[in-house]
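Colleague: I am new to this structure and would like a close look at a single part of it. Could you take me through the sheet and then place it in its surroundings?

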Amino acid sequence: MEKLKNYINGQWVASAETQTTPVINPATQETLATVPFGIGTAKDLDAAVQSAHEAYLEWKNVPVMQRVQPLYKLKVLLEQNQEELSRIITLECGKTIVESRAELQRAIENVETACATPTLIQSEFSENIARGVDEFMIRQALGVCVCIAPFNFPGMIPFWFLPYAIACGNSFIIKPSEKVPLTMVKVFELMENIGLPKGLVSLVHGGKETVDAMLGHPKVKAVSFVGSTSVARYIYSKGAANGKRVQAQGGAKNPVVIMPDADLEVTANIIADSVYGCAGQRCLAASNIITVGDGGGQIKESIYEAAKKKVTGFGLDESVEMGPVISSQSKSRVEMLIEKGIGEGANLLLDGRGHQVSGYQNGNFIAPSILEGLPLGGELVKTEIFGPVMSLLPMKDIEQAIAFINSNNYGNMACIFTSSGASARKFRNEADAGNIGVNIGVAAPMAQFPFSGWNDSFFGDLHGQGRHGIEFFTQTKVVIERWPREWTRKF
Ligand code: NAD
């Protein structure tokens with residue numbers, strides 16, 4: 001069984017930690033590899049930071065036009081290896097091969113966007129702020145920056161940060177989720193061939209111990225985290241207390257409002273894709289489906305049909321539309337939450353528990369499930385399930401829907417389906433969420449835009465991707481200059 005190595009100072013090295021945790025294929029329970037896990041990983045992290053700091057001292061003065069050249073090579077290598085990377089994502093994470101390919105596409109788009117850093121990093125200049133005095137602002141790199149990633153997008157999420165960080169002159173260390181480290185191992189094998197100086201990018205495996213070592217290390221200047229809200233809050237507060245710049249994206253409970261004037265068939269299919277795509281394990285998965293004025297139950301009927309026909313199974317099978325959830329613990333938790341919903345008074349309209357896939361009896365499969373009539377004051381309408389479960393919540397009008405949405409602690413995404421411009425405008429203006437969809441099921445910002453979570457879905461100021469990435473990975477320096485003519489004449 002392969003024990004994964006770290007990539008530090010341009011070399012693959014064994015961890016100082018001998019304990020490991022298995023990387024498990026969620027469709028079969030087969031162990032794919034083992035990953036270092038324990039207190040010894042703090043030593044690995046320290047070694048990575050030392051070499052990353054040395055690399056940064058050289059790299060920050062390399063002209064930005066040269067700093068983006070490796071990114072062009074990386075884009076080509078990611079495209080050439082997209083199929084192999086997609087298979088790795090599916091094997092360790094469970095999502096379908098189609099979803100894995102799409103995930104990598106989003107990663108590549110971030111690399112492309114970061115190639116524009118020579119323009120994006122340009123700054124401001126004011127001539128004659130006083131007579132003969134000019135003032136300007138420059139953006140300089142921070143130093144060693146780190147990324148702590150979740151399990152659900154192993155190939156995409158590190159790319160919300162890495163290309164911008166290095167294009168801005170920083171060095172970068174990634175700690176992938178211990179559940180899905182293999183995708184980044186392959187990415188780092190590719191990055192060995194793009195001409196980056198040794199030490200500039202590092203891969204360090206582990207869990208909480210590695211994270212705590214990052215948060216406590218004086219040479220780590222910035223932390224980019226994506227994961228659950230409880231860990232995001234911890235990382236934000238501990239990182240900030242230690243003087244680090246932190247962006248921490250957390251969990252979600254995403255509402256979608258269906259107005260009576262929405263196109264029924266199209267809406268039902270898009271919503272089923274949003275709820276059940278990646279087996280509901282997307283931070284932008286729709287979860288609370290609010291049906292406004294569906295007196296005849298037509299919308300409910302269409303959604304039920306769209307959910308029921310989804311094919312659940314092993315992600316490498318091209319005909320499969322939904323894979324397993326990440327672990328047996330996760331499966332038990334989701335099934336327990338369905339039970340909790342019934343306990344709160346909901347009707348289980350569609351029951352995906354106990355779903356069997358022929359040839360994959362040990363997989364963590366749950367088929368699409370629908371709860372209807374959950375009490376709006378209950379716990380489950382506010383709990384992130386992170387599995388293929390939809391809650392259908394009938395409401396009387398858009399005002400009630402928006403008030404309900406704004407009473408939720410999260411704020412990652414809110415969507416509306418309607419053919420009325422007035423309803424759409426009211427919604428985007430009043431709904432408290434950072435990513436809004438109008439007739440869109442997964443309102444995932446493209447690489448040029450910030451991934452704008454709000455409230456308990458985000459702790460910090462500058463988000464990942466695009467211009468926010470450039471701002472997060474640089475610090476501003478303002479220069480005020482006076483060059484009196486008389487002084488110049490002296491020389
Ligand atoms: P997680 O919080 O369990 O783990 C994320 C990372 O933190 C992993 O690398 C893990 O090793 C580390 N970690 C776990 N526990 C820790 C602890 N106690 N101290 C320090 N580090 C710790 O999240 P997950 O289960 O991997 O991912 C799913 C969650 O991520 C969901 O809540 C989902 O909504 C969220 N997510 C959010 C976004 C977003 O953009 N807002 C995107 C993707 C996923």
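Modeller: Let us begin with one pair of residues in this predicted model: Glu372 has Leu392, in β16, as its bridge partner. That pair belongs to a longer seam, since strand β15, residues 369-372, and strand β16, residues 389-395, run parallel and are joined by 4 bridges.

Stepping back from this seam, one finds that β15 and β16 are neighbours in an open sheet of 7 strands, whose order is β14-β15-β16-β13-β12-β18-β19 and whose pairing is mixed. At the edges of the sheet stand β14 (347-350) and β19 (435-438), and each of these has a single partner strand, so one side of each is left without a neighbour in the sheet. From one strand to the next, the twist averages 25°. A helix also belongs to this picture: α12, residues 298-308, packs on the sheet and touches β12 (254-258), β13 (286-292), β14, β15 and β16. The direction of α12 makes about 60° with that of β14.

To place the sheet in the whole, it helps to turn to the domains. The protein is divided into domain 1, which comprises 6-250 + 461-479, and domain 2, which covers 254-438. Taken over C-alpha atoms, the centres of domain 1 and domain 2 are separated by 31 Å. Where the two meet, 15 residues of domain 1 are in contact with 21 residues of domain 2. On the side of domain 1 that touches domain 2, α4 (82-93) and α5 (97-114) each supply at least two residues, and the largest share, 3 residues, comes from α4. By character, the residues of that side of domain 1 divide into 5 nonpolar, 6 polar and 4 charged.

The ligand completes the view. Both domain 1 and domain 2 give residues to the shell around the ligand, so the ligand lies between them. The ligand is surrounded by 28 residues, of which the closest are Pro150, Gly227, Ser228, Gly251 and Cys283. The elements that give two or more residues to this shell are α9 (208-216) and α10 (229-241). Sorted by character, the shell around the ligand holds 13 nonpolar, 11 polar and 4 charged residues.

Conventions:
Residues are numbered from 1 along each chain as its sequence is written. This is a predicted model: local features need pLDDT of at least 70, side-chain atom pairs count only at pLDDT 80 or more; totals for chains, interfaces and linings use all residues. A residue is near a molecule or strand if its C-beta atom, placed from the backbone, lies within 6 Å of it. Ala, Val, Leu, Ile, Met, Phe, Trp, Tyr, Cys and Pro count as nonpolar, Asp, Glu, Lys and Arg as charged, and the others, Gly among them, as polar. Domain bounds come from an automatic or database domain assignment. Two residues are in contact if their C-beta atoms, placed from the backbone, lie within 7 Å. Two strands pair if DSSP finds at least two bridges between them. Axes are lines fitted to C-alpha atoms, for helices over the stretch in contact, and angles run from 0 to 180 degrees between N-to-C directions.
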